[in-house]
Amino acid sequence: MVSRKQALLEVKGLKTHFFTEDGIVPAVDGVDFSVAAGETLGIVGESGCGKSVTALSVMRLIASPGRVVAGSILFEGRDLAQSSQEEMCDLRGNRMAMIFQEPMTSLNPVYTVGEQIREAVQTHDRQISDGAARVRAVEMLRMVGIPLPEERYRAFPHEMSGGMRQRVMIAMALSLAPALLIADEPTTALDVTIQAQILELMKDLRERVQTAVMLITHDLGVVADMADKVAVMYAGEIVENADVYSLFREPLHPYTQGLLASIPTLASTRNQRLNVIHGTVPNLLRLPPGCRFAPRCPKAMDICRQVRPTLRDVDGGRQVSCWLY
Amino acid sequence: MNSEQSTVSRDAKAVASNGKVLLSVRDLKKYYPIRGGLLRRTVAQVKAVDDVSFEIKAGETFGLVGESGCGKTTIGRTIIHLLTATAGQVLFDGQDVFKLGGGELKRLRRDMQIIFQDPYGSLDPRMPVGEIVGEGLRIHNIGDPKKREEMVRETMSLVGLRGQYARRYPHEFSGGQRQRIGIARALVLRPKFVVCDEPVSALDVSIQSQVLNLLTELREELGLTYLFIAHNLAVVKYISDRIGVMYLGRLAETSVSERLYEHPMHPYTQALVSAIPIPDPTMRRQRIVLKGDVPSPVNPPSGCRFHTRCPQYIGDVCKMVEPQLVEKEPGHFVACHLY
Amino acid sequence: MTADSRAVGATEELDLPEMGQWALVWRRFSRHRLAYLGLIVLVFFVVLSFGAPWLAPYPYDKINMNDNYSLPSAKYFLGTDELGRDIFSRLLYAGRISISVALVSTLLSSLVGIIVGAAAAYWRGVTDMILMRLTDVMLSMPTLPLLLVFSKMLREYPTLKDTFGDYLSVFVLVTILTLFGWMYPARLVYSSVLSLRETEFTEAARALGSSGWRILFSHLIPNSMAPVIVISTLGFGQRVVLEATLSFLGLGVNPPVPSWGNMLSQAYAYMLRNPWLAVYPGLFIFFTVLAINFLGDALRDALDPRLKV
Amino acid sequence: MRNYLIRRLGEMAVLLLLISALVFVILSFVPGGPFDLLIFSNPRITAAEIKRLNEAFGFDKPLYIRYFQWLVDVAGGHWGTSWGIAYGRPVTEVILARLNNTLILMGAATLVSVIIALPIGIYSAIRQYSWADYFVTSLSFFGMSMPTFWFGIMLIVIFAVGLGWFPTGGVSTYGLEGDILDRIRHLALPVTVLSLFNVATWSRFVRSSMLEVLRQDYMRTARAKGLRENVVIIKHGLRNSLIPVMTMLALEIPGLFSGAIITETVFSYPGMGRLFWDGVMAADWPVVQGLVMITAFLVIACNLVADVAYAVVDPRIRYD
């Protein structure tokens with residue numbers, strides 16, 4: 001299933017920093033990963049680890065005071081880090097699309113959902129007539145499973161539930177069959193049964209539209225369910241990169257291990273102590289000198305506190321950033 | 001009318017050391033009026049909680065799960081009388097909570113406490129942490145200032161916070177630490193019963209497990225009884241002895257927690273259990289995906305409230321008759337016409 | 001003891017040095033350089049005005065017809081007016097009145113506003129309806145015309161005339177500025193208390209058995225203060241201008257009591273003869289208000305709860 | 001919506017009634033009466049004669065009866081007679097003669113203010129923290145802190161007295177009444193004065209409203225669709241940011257009337273504001289009462305229009 005395909009997106013040494021009054025926040029600090037066509041990459045990590053900033057950096061949607069300061073973002077052969085905003089506009093919504101965490105606030109309240117989808121279509125296909133774009137929008141609404149799409153075309157976002165709005169976002173993102181879909185915590189704000197609906201929908205559409213997905217989430221369950229490959233992020237860096245089966249079978253990085261062990265699952269025994277990761281995530285303004293996880297790591301050695309490890313290849317085509325390997 | 005007293009299951013007995021019922025909720029209803037029109041009359045009612053009954057035994061943890069808007073939070077707040085119930089009864093230690101006068105209610109508050117979800121909104125940003133934790137002591141005039149300070153420090157260390165941080169303000173603490181402050185505030189009066197209202201939902205995974213462990217330890221150490229409310233089934237299952245599943249203001253199913261996951265009976269519980277993403281890629285399976293959204297609690301569907309989305313709809317009986325919660329296995333109650 | 005194990009994740013050192021709420025606000029505030037400057041200018045004007053009896057070279061009402069309309073000189077720092085009174089001295093004394101009128105009426109309106117807003121939000125029901133409808137009505141009235149009419153009425157009232165003498169106009173002005181100024185803080189406190197009532201920390205206090213009054217005074221009102229402070233600061237500036245405006249229109253502070261506004265009113269009459277008479281008081285008002293506005297703007301940022309650190 | 005309108009119109013009527021009663025009572029407390037001018041011009045008139053006149057016209061009746069009489073008169077279109085500045089003429093006639101001038105002045109000032117404030121507010125929001133933003137921000141602080149009447153005086157001193165470019169006041173030059181250019185020359189300074197404060201406050205408001213919108217998630221969605229930045233700002237940003245601006249403009253209407261009183265007084269401009277001031281100074285209560293009622297009516301009506309317009313622009317608002 002996970003074969004060595006030509007990379008659709010290849011990110012190398014990406015650094016996105018925020019220049020705040022208190023200092024430079026290295027939200028993303030040297031990140032490497034790649035996504036092949038049709039493949040799903042899951043990026044997991046806790047809040048503030050830089051996973052959303054990574055996604056926005058790929059879309060080049062980082063706003064001041066943030067800036068991509070280093071690295072390359074190769075997408076379909078061109079480096080997005082060097083592209084002009086004009087070129088980015090042609091790609092966004094067309095070859096690469098994005099959906100967001102908050103379906104309640106991500107749609108413009110003053111336009112109908114149909115108009116918003118039609119706008120996406122017409123932005124990139126200027127030849128298309130109003131009528132044809134409208135038909136396309138209705139078709140997309142039907143495809144994402146919205147009942148009575150012709151009627152719902154004229155609905156305003158506030159007239160829809162969270163799950164329905166997230167469907168609209170997906171319809172909008174997929175309306176031009178992008179090669180890459182970036183989904184930033186697409187189900188976090190939704191209820192469990194609605195989350196199940198959206199995840200099933202995404203799986204189904206992924207096959208039908210043949211799109212690669214970059215799925216950003218904090219939920220390891222969602223990753224296990226959806227992803228082919230996984231990148232685990234911690235404090236602005238990727239600590240482990242692996243295919244989903246190896247990662248869950250045998251996590252290498254102590255952070256990944258800790259994370260997996262600390263989730264209560266339906267299989268875990270009641271009231272048995274959960275594994276915990278000591279301490280809290282470091283402040284990005286005052287990062288420890290060596291490995292960023294060293295202060296919380298049960299296996300930390302002297303070198304970990306002094307020298308920052310880099311992501312290196314280990315057996316089985318996996319990568320890990322840890323002195324243990 | 002379902003009488004749970006008669007059917008204390010073996011499992012529940014095992015956990016509830018003396019088997020004494022601490023809290024008994026009977027036919028609880030909480031409706032919110034919707035006003036409208038020229039004269040602001042009540043035109044409709046949100047039936048947030050509609051006829052819910054259950055019992056919690058001393059030392060036991062009862063979990064309530066359900067999706068947003070199912071009324072689980074409203075139940076928690078109505079039980080400790082933060083909200084006034086529309087109808088029904090709550091007996092705590094034999095006292096009818098809703099019939100208590102001001103002074104008696106205030107005394108009762110020393111026994112019943114609540115822990116909130118939002119580690120940011122639940123602490124007064126303009127109060128030092130020590131004062132937040134010690135507020136209960138001041139309200140109930142316990143001890144002199146010196147004694148109170150001592151008790152505050154003791155409680156702070158109980159939840160794993162350094163006493164010397166008492167003069168700091170909430171904004172200086174991380175989410176997990178703030179949640180500990182909230183727990184300390186609830187425990188400073190040494191209550192018997194604590195409503196945990198989504199206490200870990202806003203926390204990151206690694207912090208969530210710290211807080212869950214803490215809650216478990218405190219329960220053992222202080223002999224607490226919890227009503228644990230959450231939307232994450234895995235978390236609820238982890239901490240609870242018995243679980244109630246709510247849908248649109250009503251209990252769909254209650255059972256001993258292991259049994260509920262091994263053998264969910266209500267189609268909604270089945271869907272809910274199957275919808276939880278499992279952190280194991282080899283376990284990818286066919287989910288039961290429910291149709292549509294949760295209907296509005298303003299005009300809940302007739303008959304069984306779940307019939308509009310039920311994958312096992314069996315006909316008019318579901319649409320017409322409201323199923324009652326009945327014991328189908330020892331300690332396992334379900335409200336469904338299938339059984 | 002299990003305390004060690006449960007301490008996991010909680011006892012690590014806090015990142016920042018200990019800092020109270022006000023220290024934090026001050027830190028954010030002091031980042032605004034203009035506000036800093038504004039604060040200095042304001043303090044300067046206040047000290048100058050309230051030190052008038054010691055700092056002013058002449059009494060404000062000392063007439064010297066021989067020296068009228070003199071230009072700035074060593075003898076008269078900013079020159080003299082049509083009656084030969086020293087402009088600089090008059091400006092200091094006038095500032096004392098202008099600033100006091102604005103300050104006192106601002107404090108009074110804020111106090112009334114806090115009481116009305118908190119009472120309406122706390123009791124809800126009929127109290128809420130009556131108080132907030134009244135606030136709405138007051139807000140939708142055209143202010144200046146009513147101020148003028150009220151001022152006219154009060155200053156003709158014989159008993160008040162006897163009580164306040166020359167200072168009747170000052171009293172009237174403070175009264176009407178309070179009467180028409182409490183609605184803004186009232187609305188703020190009202191909406192703020194209403195939303196604070198729903199917060200989890202208020203519920204926690206109720207769950208602990210706290211009485212309504214206790215919650216009102218220990219949680220609700222203290223947490224509503226930030227926006228009130230901002231709006232009162234800006235309102236203070238507006239009242240300095242309003243005092244001047246009403247005095248200019250002849251229905252504010254009246255001579256012989258000097259105020260920046262009535263100095264301008266008199267200067268207007270002699271504008272063609274000596275325009276400088278109108279320049280100085282205007283500049284004093286302008287810089288005072290500018291300083292206050294910068295201050296208010298910085299406070300708005302510094303007290304904004306959405307901002308951290 | 002219909003229910004809402006009915007309720008609002010009902011409230012409006014009650015509010016106007018309240019204001020009228022309030023003003024009537026206040027004015028009745030102020031010494032001065034309809035025949036003061038008569039006494040002044042004819043010293044030989046006796047107190048007994050005044051008393052007889054008062055009785056004849058019903059001025060000696062209790063307050064509430066006079067108020068009801070006034071209400072009945074108003075309902076019949078008769079707003080009383082001026083007893084001060086325009087002795088003996090009907091109030092409606094006196095006010096109507098001035099209404100036009102004020103509406104022209106206020107209309108021109110509002111138009112100028114909106115045309116200037118909107119673009120600079122939007123621009124400084126988009127270029128937040130640029131030098132242009134700092135410049136606009138500083139300017140608006142100056143404008144906000146400037147006492148209007150003093151600014152007017154300074155303009156007269158410099159541009160009318162000093163340079164002689166504009167007239168010192170009035171509405172037109174004698175003999176050139178129909179001349180449009182002359183009219184504009186007379187309007188220039190008062191409009192500048194009225195606009196300065198408005199531009200200062202409104203542009204700040206537009207700026208912060210736009211900044212709020214720029215932070216919204218849907219703006220990011222629009223960018224993620226591949227829309228060009230100017231389309232994002234104009235199509236998705238502007239419409240949302242103008243919703244609060246509209247409300248603000250409606251709430252500013254009372255401020256405009258206040259501004260008119262000051263500006264018209266400084267520039268001796270024969271409008272309602274100047275009339276109001278003259279009326280108060282001359283204790284001409286029928287005229288003052290009439291003016292307050294007209295102002296209150298316009299203010300309340302504008303609020304209502306704004307609320308309705310709000311529902312039209314923002315699909316989320318539904319009145320029922």
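The exercises below, each with a worked solution, concern a predicted model.

In this predicted model, local features need pLDDT of at least 70 and side-chain atom pairs count only at pLDDT 80 or more, while totals for chains, interfaces and linings use all residues. Residues are numbered from 1 along each chain as its sequence is written, chains are lettered from A and ligands numbered from 1 in the order in which they are written, and side-chain values use heavy atoms, with hydrogens and water left out.

**Exercise 1. Describe the fold and extent of chain D.**

Step 1. Take the secondary structure, where helices (H or I, at least four residues) and strands (E, at least two) are DSSP runs numbered from the N terminus. Chain D has 12 helices and zero strands, and its pattern along the sequence reads α-α-α-α-α-α-α-α-α-α-α-α.

Step 2. Take the extent. The C-alpha trace of chain D spans about 85 × 60 × 35 Å along its principal axes.

Step 3. Take contacts (heavy atoms within 4.5 Å). Of those in chain D between residues at least 6 apart in sequence, 70% join residues at least 24 apart.

**Exercise 2. Account for the burial, surface and charges of chain D.**

Step 1. Classify residues by relative accessible area: buried is under 20%, exposed is over 50%, and partly exposed is in between (1.4 Å probe, protein chains only). Chain D has 320 residues, and 48% of them are buried.

Step 2. Accessible areas come from the Shrake-Rupley method with a 1.4 Å probe; for residues, only the protein chains shown count as cover. Chain D exposes about 15,000 Å², of which carbon and sulfur atoms supply 69%.

Step 3. Count Lys and Arg as positive and Asp and Glu as negative, leaving out His and the chain ends. Each charge is placed at NZ of Lys, CZ of Arg, CG of Asp or CD of Glu. Chain D then has 25 positive and 21 negative charges, with mean positions 9 Å apart.

**Exercise 3. Locate three salt bridges and state the burial of each partner.**

Step 1. Apply the rule: a side-chain nitrogen of Lys or Arg within 4 Å of a carboxyl oxygen of Asp or Glu. Over all chains, this rule gives 51 salt bridges.

Step 2. In chain B, E60(B) and R242(B) form a salt bridge with an N to O distance of 2.7 Å. E60(B) is in the loop between β2 (41–57) and β3 (61–65), R242(B) is in strand β9 (residues 242–247), and the two are 182 residues apart. E60(B) is buried at 0% relative accessibility, and R242(B) is buried at 6%.

Step 3. In chain C, R187(C) pairs with D136(C) at 2.4 Å, N to O. Helix α10 (residues 183–197) holds R187(C) and helix α6 (residues 125–139) holds D136(C), 51 residues apart. R187(C) is partly exposed at 37%, as is D136(C) at 26%.

Step 4. Between D297(C) and R204(D), the closest N and O atoms of the salt bridge are 3.2 Å apart. The pair joins two chains, because D297(C) lies in helix α14 (residues 276–303) of chain C and R204(D) in helix α8 (residues 180–214) of chain D. D297(C) is buried, with a relative accessible area of 15%; R204(D) is buried too, at 18%.
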